[in-house]
Amino acid sequence: MEIKHFDQDSSIFEAMIGVSGIDRTIRILQISDSHLCELNDDDRHLLQSVIDPDKYVDNARHRHAIRLFTKVMEKMESMNVDAVVLTGDILTFPSAANLAVLKEHLAKLSVPWLYTLGNHDWHFIMLEEWNDDVRKRAYPKFHALTGGNPAFGKLELGGVLLVCIDNSNYQITEEQLAFFQSCLQSGRPCVLFVHIPLYIPSLAGDVLHRWGAPIMMHADGWTPEQRKLWKTRKEERATQEFYELIVRGNSESLIGIFCGHVHFHHKDAYRPGRYQYVAHPGYDGGYRLISLLPLKSGH
């Protein structure tokens, strides 16, 4: 499958990819890491558990999150997009107010959407441990926003498969792997949306500088202390196979990866001619307009 990149490496807000085999332009709005911090009277357990909730909600990093999220969602009507994809950490925690705000905005969309969760979406950081059981218990809160399945989903647009997979615990399950393999084998061009970026050597330095740990999927260099702090574990078999399939396996139908998590823009190849795009965070006004353009063979 032939593709060609028309965007600039430094472009924070756009990605333009020519794709052979499609007959019209497909435009997708990606939003990631908005970190909404809304609370209301239905969230009394949060207000009672946080030592200083006003200070927490008014943290400078989140102060304008809801305004910026609303602004982008309103702006998308003028972008003439075909779909919206949310790549995780739209919420800082799954409070009743956060979920209500998100449902309200998505209900107004005139186009379909996909939503893959980030590590904050399903976790109350001040109340509970961060682990797979907590995520499993939180999944039902997101059924109405994910077609009943927060673990994975897909949307077909103009012959292209938009594929989302929840890798918010740095792992891939056997079921997610089988789903992804079936998408790649469909013969259609595929675009993958996840929250946590895949490890790429050129990304690692900036991630380590900002976060003090290699918080990427299938990353090298974790120390025991870092794993304990971030509550990560060694990659399981399905995670290893997923990573190998993408970077070295028969995944030519995958035309790009779009993700977030690390809170800065980055673009680089995960294999020759195929790029991973990390989104600038929504809480800082970030989004990405993805344009898939018809590409004639040989151009």
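The overall dimensions, the nonpolar cores, helix H9 and the exposed residue Gly221 are described in turn.

The model is predicted, so local features require a pLDDT of at least 70 and side-chain atom pairs count only at pLDDT 80 or more, whereas totals for chains, interfaces and linings use all residues. Residues are numbered from 1 along each chain as its sequence is written, and side-chain values use heavy atoms, with hydrogens and water left out.

The protein contains nine helices and twelve strands, defined as DSSP runs numbered from the N terminus (helices: H or I, at least four residues; strands: E, at least two). The C-alpha trace spans about 60 × 45 × 35 Å along its principal axes. For 299 residues, a radius of gyration near 19 Å would be expected of a compact globule, and the value of 18 Å agrees with this; the radius is taken over C-alpha atoms, and the globule rule is 2.2 Å times the number of residues to the power 0.38. Of the 299 residues, 58% count as buried (under 20% relative accessible area, with exposed meaning over 50% and partly exposed in between; 1.4 Å probe, protein chains only). Among contacts (heavy atoms within 4.5 Å) with a separation of 6 or more, 73% involve residues 24 or more positions apart.

The largest nonpolar core comprises 72 residues, of which Ile165, Phe180, Leu192 and Ile246 touch the most other members. Such a core is a set of buried Ala, Val, Leu, Ile, Met, Phe, Trp, Tyr and Cys residues joined through side-chain atoms within 4.5 Å. Apart from this core lies another, of 22 residues, including Ile17, Leu155, Tyr277 and Leu292.

Ile246 belongs to the buried residues of helix H9 (residues 237-247), together with Ala238, Thr239, Phe242, Tyr243, Leu245 and Val247. The cover over these buried residues includes strand S7 (160-165), helix H6 (174-184), strand S8 (190-193), strand S9 (254-259) and strand S10 (266-271). When neighbours within four places in sequence are left aside, the contacts of Ile246 are Phe180, Leu192, Leu198, Ser251, Leu254, Ile257, Tyr270 and Arg271.

Gly221, by contrast, is exposed, with a relative accessible area of 57%. This residue is placed in the loop between helix H7 (201-211) and helix H8 (224-230). Beyond its neighbours within four places in sequence, Gly221 is in contact with Pro214 and Gln226. Its C-alpha atom is separated by 36 Å from that of Ile66, which is 155 residues away along the chain.
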